[in-house]
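The following exercises are to be worked through with the sequence and the coordinates at hand. Each task is followed by a solution in steps.

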Amino acid sequence: MKIELKNIRKSFGSNTVLKDVSFTITGGEICALLGENGAGKSTLMNILGGVHHMDEGSIHLDDKQVQFSTPAQSLEAGIAFIHQELNLINDLPIYENMFLGRELKTKQGFLDLDRMIRETDVVFKQMMVDLDPKTMVRDLDASYKQIVEICRAMMMKASIIIMDEPTTSLTDQEIKRVFTMMRTLKENNVGIIFISHKLNEVIQICETFFVLRDGQLVEKGNVVDVTTDKLAHFMVGYDVRTEPLIREKRQGNEVLRVEGLTYKPAFRDISFSIKKGEILGITGLLGDGRSELFQAIFGAEKVSSGKVFLNGKEVKIKNTTQAIHEGIAYLPRNRKENGIIRDMNIFENASIVTWPQFSKRGVIQSQKHAMEFEKQRQALRIKLGKLTDSINSLSGGNQQKVVLAKWLAAGPKLLILDNPTQGVDVGAKEDIYDIILKLAEENIAVVVLSSEGQEIIRVCDRALVMYHGVIQGEVARESMNLHNIMSLATGGKLT
Amino acid sequence: MMKTEMVINNNFFRWFRSKWTEEPLFSTAIAFLIMLILQTLVLGFDYDSLGSWFQSWLNNWINILRNNASVGIIALGMTLVIMTGGIDLAVGSTLVVTGAFTMILVDTGTKGILAFLGLTGFPAFFVTIILVVVLGCLLGSLIGLTITKGNVPPFIVTLGAMMIFRSVTQHFMQGYNPKVPLEFLQIASFKMGNYMIMPIVYWAVIAYILYYVSKRTTFGRQIIAVGSNEKAARLSGVHVHKVRLRVYALMGLLVSIAALIQVSRIGSMDFSNAGRGIEMDAIAAAVVGGTSMSGGRGFILGTVFGMLIIAVMNNLLNLFGVPPFLREAFKGIIVIGAVLLQRKEKMA
């Protein structure tokens with residue numbers, strides 16, 4: 001099967017999103033669709049998926065012109081779109097999710113549970129997935145949800161699968177799992193359109209690539225002919241750094257020390273410390289407990305035993321308000337769920353943390369906030385229209401910078417960044433790394449929590465690797481490499 | 001000629017459309033305006049005796065506003081409660097509790113508490129107002145504490161409180177007929193010029209204060225943050241429990257003010273019927289005003305308009321002579337219609 005999109009144009013109002021873009025994919029091919037946020041990738045795929053309608057251009061399926069006016073038609077033609085926000089119902093078991101909307105029924109009209117379970121099992125076997133179809137989707141981790149979606153697409157006999165940033169919320173181990181599955185799909189002659197910001201993954205798994213920039217196709221070709229640097233260059237239009245970032249180190253007194261912190265089953269017996277001006281990396285696979293640990297330090301989660309010292313003094317942090325008072329900032333993972341507040345505008349999202357701080361008798365001092373935000377906006381290079389625009393009008397990278405800005409406004413002494421570059425494009429990612437380094441130079445203690453080994457290697461002075469809720473080991477800057485991190489993260493020892 | 005006209009129309013339509021989708025209060029204000037025009041027409045506009053026409057128009061309006069002042073005040077609090085993603089079904093019963101408490105305090109008979117203590121006249125009224133407001137706050141806090149510390153959904157807590165408060169009041173107030181002194185009635189019945197507008201004044205002042213609070217204060221903005229995304233709010237250092245607790249306490253306070261107004265308007269209260277269904281009227285006003293039941297979005301001014309729309313409609317139905325049993329149906333239509341009109345996707 002072969003799909004061709006020819007000379008697609010699309011605009012929303014006065015905003016032209018796609019200018020004359022052509023795109024081709026055939027069965028058995030894994031094709032990367034690259035571009036920064038706002039480059040037009042999603043729009044192009046939404047046109048292919050029948051969600052949006054193109055203004056000009058045509059879609060050809062095996063050289064026959066077709067039209068997709070609804071997602072159902074596109075699906076009918078064998079195109080499955082796996083969205084970044086997965087379309088699974090948490091409160092139903094896997095097999096019912098697999099047959100959602102096309103439930104199998106018995107002659108009497110009841111749901112034929114046995115057959116649905118059996119057929120789900122068949123697909124799982126075929127795809128070499130080790131899952132019980134009766135598991136509730138709620139109990140699956142992100143990678144398995146992704147896999148269930150892929151299996152659902154396979155069950156519907158999809159011949160082209162669009163995967164929109166499937167690996168963003170996954171750990172290295174789980175990414176491997178998804179990749180294995182993608183290779184199996186490829187062998188079954190399924191074409192995959194892989195949308196991702198992680199260029200090393202693109203090099204690993206894809207064969208061809210298309211790069212969009214500002215709604216135009218700027219480059220296409222075979223992945224064997226390029227490097228990640230080159231791809232990054234195509235995406236942003238200039239050279240992007242990839243080397244470890246070095247800075248002058250002036251480490252001061254200890255800011256945070258943790259002794260025997262425990263909250264089972266998330267984490268247990270955690271002890272470490274961090275100094276002023278230090279960048280400490282924390283990494284591990286999913287279920288390592290690092291997010292829970294730092295949310296607990298931040299007062300958002302509970303602790304059952306252990307001690308926390310700030311600047312040498314023991315503190316008991318009961319809630320996040322108190323944590324901020326003590327000079328701790330926590331940029332959460334999963335920006336959409338934990339970071340931004342949709343009903344508030346950009347300015348409010350950027351100032352919520354400092355409302356109590358910059359207020360007189362409870363009345364918010366907007367002027368002061370505006371000045372502070374202007375400073376942050378310049379430092380972080382946030383691109384925005386009006387301050388009062390909706391937060392949703394910003395790209396992922398800029399949203400993340402706004403979330404970061406609200407923390408910097410509070411003037412923290414300890415900054416915890418949980419997956420700071422999640423869903424952020426290449427350019428913004430480098431901006432955020434720069435900021436992290438600059439903050440460390442300003443004597444702030446920075447903790448970077450990340451599932452990307454590469455990220456840890458590039459920015460951190462040293463790293464703690466967690467495994468199932470305990471610190472498995474520490475990697476110093478000199479011995480920091482993916483191999484060492486991975487062997488600790490999987491429960492091994494440094495050799 | 002034709003062409004210019006089309007362009008103007010087109011521009012107007014575009015302006016209207018963008019206002020409608022972008023300005024949350026626009027549709028509510030338009031609806032109110034239509035109601036107002038209808039009402040003016042029904043009252044019969046009369047060029048010849050403009051003065052007396054205006055007089056009757058004004059009287060009609062003062063009546064409408066005064067009759068809706070206590071519900072209007074409660075609806076303002078309800079808006080804030082709904083903005084946090086919660087609801088308060090207990091307002092009617094809280095009204096009865098605080099109303100009963102007011103009457104016990106100011107009673108000039110043998111059972112009156114303050115009279116027993118030897119406190120009468122204005123000092124007694126002053127103390128009454130303070131104590132009643134404190135009681136309202138306490139009852140609200142109690143609800144708020146059960147919701148936050150007990151982690152019980154607001155719907156359940158306030159449903160329970162609704163039953164408890166009224167039942168207890170009815171039981172203990174059986175056969176008790178307090179005498180409310182005439183001077184106390186001045187709180188609501190004091191005449192400015194020739195008009196009895198004190199309840200309207202209270203309503204307006206409270207609406208203004210709450211408008212300011214919701215727009216400009218930390219508390220007001222944190223309400224939106226909590227209602228829109230509780231988790232993100234908490235991770236931004238917002239003390240979610242404190243915000244919730246305060247909102248319900250404020251709700252109780254506003255209800256107690258409404259109770260003071262009600263008692264001082266008629267000098268008595270029917271404990272089995274007063275405030276029944278008032279929670280639904282308050283919710284309806286908030287919803288018509290553009291407040292989202294799922295939280296995070298709400299407008300104090302919208303609720304004032306929403307209240308007025310419902311009130312003017314009642315007045316209109318009255319003037320048209322629609323049978324009383326049918327009036328609730330119109331209210332229902334307005335509520336659903338308002339939400340249908342406010343759906344953004346449809347216009348955009």
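**Exercise 1. The interface**

What is the area buried between chain A and chain B, and what percentage of it do carbon and sulfur atoms give?

Solution. The model is a predicted one. Begin with the area: about 2000 Å² is buried between chain A and chain B, and carbon and sulfur atoms give 52% of it. On the side of chain A, Asn338(A), Ile341(A) and Asp343(A) lose the most area to chain B, together accounting for 23% of what that side buries. Next, count the residues: 28 residues of chain A are in contact with 21 residues of chain B.

**Exercise 2. Polar pairs and elements at the interface**

Determine the polar pairing between the two chains, and then assign the side of chain A to its elements and residue classes.

Solution. First, eleven residue pairs are in polar contact between chain A and chain B, both residues being at pLDDT 80 or more. The side of chain A that touches chain B draws two or more residues from each of helix H10 (320-325), helix H11 (335-339), strand E18 (363-364) and helix H14 (396-408) of chain A. Of these, H11(A) gives the most, with four residues. By class, this side of chain A has 15 nonpolar, seven polar and six charged residues.

Then turn to charge pairs. Side chains of opposite charge can pair when their charged atoms come close. Between chain A and chain B the count is one salt bridge. Arg221(B) forms a salt bridge with Glu348(A), with the closest N and O atoms 2.5 Å apart.

**Exercise 3. A salt bridge within chain A**

Which parts of chain A does the salt bridge of Asp91(A) with Arg138(A) tie together?

Solution. Over all chains, the count comes to 25 salt bridges. In the pair of Asp91(A) and Arg138(A), the closest N and O atoms are 2.6 Å apart. Asp91(A) lies in the loop between strand E6 (79-82) and helix H3 (94-98) of chain A, and Arg138(A) in the loop between helix H4 (113-126) and helix H5 (142-155) of chain A, so the pair ties together parts that are 47 residues apart in sequence.

**Exercise 4. Helix H9 of chain B and its partners**

Describe how H9(B) packs against H12(B) and against H14(B).

Solution. Take H12(B) as the first partner. Helix H9 (residues 198-216) and helix H12 (residues 240-266) of chain B pack at about 170°, their axes being 11 Å apart. An angle over 145 degrees counts as roughly antiparallel, and H9(B) and H12(B) are therefore roughly antiparallel to each other. Pro199(B), Tyr202(B), Ile206(B) and Leu210(B) of H9(B) meet residues of H12(B) including Leu250(B), Leu254(B) and Arg265(B). The residues of this contact comprise eight nonpolar, no polar and one charged.

For the second partner, the axes of H9(B) and helix H14 (residues 300-320) of chain B come within 8 Å and cross at roughly 145°. Among the residues of H9(B) that meet H14(B) are Trp203(B), Leu210(B) and Ser214(B). This contact has nine nonpolar, one polar and no charged residues.

**Exercise 5. Backbone geometry**

Locate the cis peptide bond of Pro265(A) and the positive phi of Asp20(A).

Solution. Most residues other than glycine have a negative phi, and most peptide bonds are trans. A cis peptide bond, with omega about 0°, joins Lys264(A) and Pro265(A). Pro265(A) lies in the loop between strand E11 (254-263) and strand E12 (267-275) of chain A. Asp20(A), with a positive phi near 55°, lies in strand E2 (residues 15-26) of chain A.

Key:
Residues are numbered from 1 along each chain as its sequence is written. Chains are lettered from A and ligands numbered from 1 in the order in which they are written. This is a predicted model: local features need pLDDT of at least 70, side-chain atom pairs count only at pLDDT 80 or more; totals for chains, interfaces and linings use all residues. Side-chain values use heavy atoms; hydrogens and water are left out. Axes are lines fitted to C-alpha atoms, for helices over the stretch in contact, and angles run from 0 to 180 degrees between N-to-C directions. Angles under 35 degrees count as roughly parallel, over 145 as roughly antiparallel, 65 to 115 as roughly perpendicular and the rest as oblique. Contact means heavy atoms within 4.5 Å. Ala, Val, Leu, Ile, Met, Phe, Trp, Tyr, Cys and Pro count as nonpolar, Asp, Glu, Lys and Arg as charged, and the others, Gly among them, as polar. Buried area is the accessible area (1.4 Å probe) that two parts lose on being put together, summed over both. A salt bridge is a side-chain nitrogen of Lys or Arg within 4 Å of a carboxyl oxygen of Asp or Glu. A polar contact is a pair of N or O atoms within 3.5 Å; within protein, one must be able to donate a hydrogen and the other to accept it, and residues adjacent in sequence count only if both atoms are side-chain atoms.
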